[in-house]
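Student: I should like to go through this structure and ask how each description of it is justified.
Tutor: Please do; each answer will set a value against its criterion.

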Amino acid sequence: MAGLSLQSVRKRFGETEVIGGVDLDVADGEFVVFVGPSGCGKSTLLRMIAGLERTSDGRILIGGRDVTDEDPAKRGIAMVFQTYALYPHMTVATNMGFPLEMAKRPKEEIDRKVAEAAKILHLEAYLGRKPRELSGGQRQRVAIGRAIVRQPGVFLFDEPLSNLDAELRVQMRIEIARLHQELGTTMIYVTHDQIEAMTLASRIVVLRAGRIEQVGAPLELYENPDNSFVAGFIGSPR
Ligand code: ADP
Ligand code: MG
């Protein structure tokens with residue numbers, strides 16, 4: 001497990017600054033939710049934490065270690081995307097074990113970790129299936145399983161439930177809350193769904209045009225939004 005620290009993190013694409021100096025400390029085991037309008041930089045921020053995108057300026061610390069210039073594979077982070085990005089020709093078990101396969105882990109270890117993840121996610125009965133033989137919710141669980149097998153210190157979720165219908169979204173939201181309780185791992189979660197943000201977060205970070213507008217516990221933001229922009233995202237009725 002690991003905490004996370006963002007220190008004056010900036011990102012420019014050419015002349016355009018899309019992240020304008022973000023400072024944030026996330027405690028070990030916290031569940032932090034990022035909300036904000038489309039294009040405000042949520043995915044870019046996650047991608048920088050994951051190391052899929054370089055920072056233009058600032059530092060990123062994971063578990064107290066400066067990882068700003070470190071390879072994604074060494075950061076102890078796993079990311080779950082909106083599009084599950086499963087390999088269609090591989091079984092559920094092979095998809096889930098793939099990151100360990102790539103890391104050349106021994107077969108016994110891969111089998112054991114896949115079995116453990118399948119148990120947590122109630123996928124034991126589906127390990128031999130192909131992705132096309134699964135429902136959307138099951139596919140997203142496989143994508144989460146692929147993250148779990150890596151035993152990351154931090155999980156990053158980029159709108160993981162956006163492609164699911166309303167009923168499945170509620171189910172998966174409950175599963176993600178349970179996963180957090182069970183694993184106790186730090187989670188950073190991007191969503192545009194207010195209910196997801198309110199129910200999952202220990203703290204919500206409201207982003208606007210690449211900067212933090214306000215940070216606080218869900219009820220704190222709900223009852224005391226600094227401005228109408230924050231109120232618009234957290235939904236306090238006034
Ligand atoms: P969000 O996830 O909040 O919708 P993004 O992080 O995807 O926002 O994008 C933030 C801004 O950065 C947007 O204006 C987007 O067009 C821009 N952007 C993202 N990736 C790139 C890129 N690779 N090159 C240029 N601009 C980009
Ligand atoms: Mg995005």
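Student: Which residues of α1 are buried?
Tutor: In this predicted model, the buried residues of α1 are K42, S43, L45, L46, M48, I49 and A50.

Student: Why is helix α1 described as largely enclosed by the rest of the structure?
Tutor: The helix covers residues 42-50, and 7 of its 9 residues are buried, so the description follows from that count.

Student: What makes S43 buried?
Tutor: A residue is buried if 20 or more other C-beta atoms lie within 10 Å of its own. S43 has 20 other C-beta atoms within 10 Å, so S43 is buried. S43 belongs to helix α1. Beyond its neighbours within four places in sequence, S43 is in contact with D158 and V190.

Student: How do you know whether R54 is buried or exposed?
Tutor: The criterion for an exposed residue is 12 or fewer other C-beta atoms within 10 Å. R54 has 10, so R54 is exposed. R54 lies in the loop between α1 and β4. From R54 to L179 the distance is 29 Å, C-alpha to C-alpha, with their positions 125 residues apart in sequence.

Student: What is found just after α1?
Tutor: G51 is found there, with a positive phi of about 85°.

Student: What surrounds ligand 1?
Tutor: The shell consists of F13, V18, G36, S38, G39, C40, G41, K42, S43 and T44. Helix α1 supplies the largest share, 3 residues. By class, the shell has 3 nonpolar, 6 polar and 1 charged residues.

Student: What makes β3 a mostly covered strand?
Tutor: Strand β3 comprises residues 31-35, and 5 of its 5 residues are buried. In a regular strand the side chains alternate between the two faces of the sheet. In β3, F31, V33 and V35 are on one side and V32 and F34 on the other; all are buried, and both faces are therefore covered.

Student: How do you know that β3 pairs with β8 and with β9?
Tutor: Two strands pair if at least two bridges are found between them. β3 is joined to β8, residues 186-190, by 4 bridges, and β3 is joined to β9, residues 203-208, over 4 bridges. Each value meets the criterion, so both are pairings. The sense is parallel for β8 and parallel for β9. F34 stands opposite V190 in β8 and opposite V205 in β9.

Student: In what order do the 4 strands of the open sheet stand?
Tutor: The order is β2-β1-β4-β5, with antiparallel pairing. β2 (16-26) and β5 (65-66) are at the edges; each has a single partner strand, so one side of each lacks a neighbour in the sheet.

Student: How do you know that β4 pairs with β1 and with β5?
Tutor: The criterion is again at least two bridges. Strand β1, residues 4-13, is joined to β4 by 5 bridges, and β4, residues 57-62, is joined to β5 by 2 bridges. Both counts satisfy the criterion, so both pairings stand. Q7 stands opposite R59 in β4, and the bridge partner of L61 in β5 is D66.

Student: What lies between β4 and β5?
Tutor: The two strands form a hairpin with 2 residues between them. In the turn, G63 has a positive phi of about 55°.

Student: How do you know that the size of the protein chain agrees with a compact globule?
Tutor: For 238 residues, a compact globule would have a radius of gyration near 18 Å; the protein chain has 18 Å, so the value agrees. The C-alpha trace spans about 50 × 40 × 30 Å along its principal axes. Of the 238 residues, 40% are buried. Among contacts with a separation of 6 or more, 67% are between residues 24 or more positions apart.

Student: How many helices and strands does the protein chain have?
Tutor: The secondary structure comes to 8 helices and 10 strands.

Student: Which residues does UniProt list for "domain: ABC transporter"?
Tutor: The unreviewed UniProt entry lists residues 4-234. That span is 37% helix and 26% strand, and its end C-alpha atoms lie 24 Å apart.

Methods. Residues numbered from 1 in each chain as written. Chains lettered and ligands numbered in written order. Predicted model: local features only at pLDDT ≥ 70, side-chain atom pairs only at ≥ 80, totals over all residues. Rg over C-alpha atoms; globule rule 2.2 N^0.38 Å. Contact = placed C-beta atoms within 7 Å. Near = placed C-beta within 6 Å. Nonpolar A, V, L, I, M, F, W, Y, C, P; charged D, E, K, R; others polar. UniProt positions renumbered as here; feature names shortened; annotations may be inferred.
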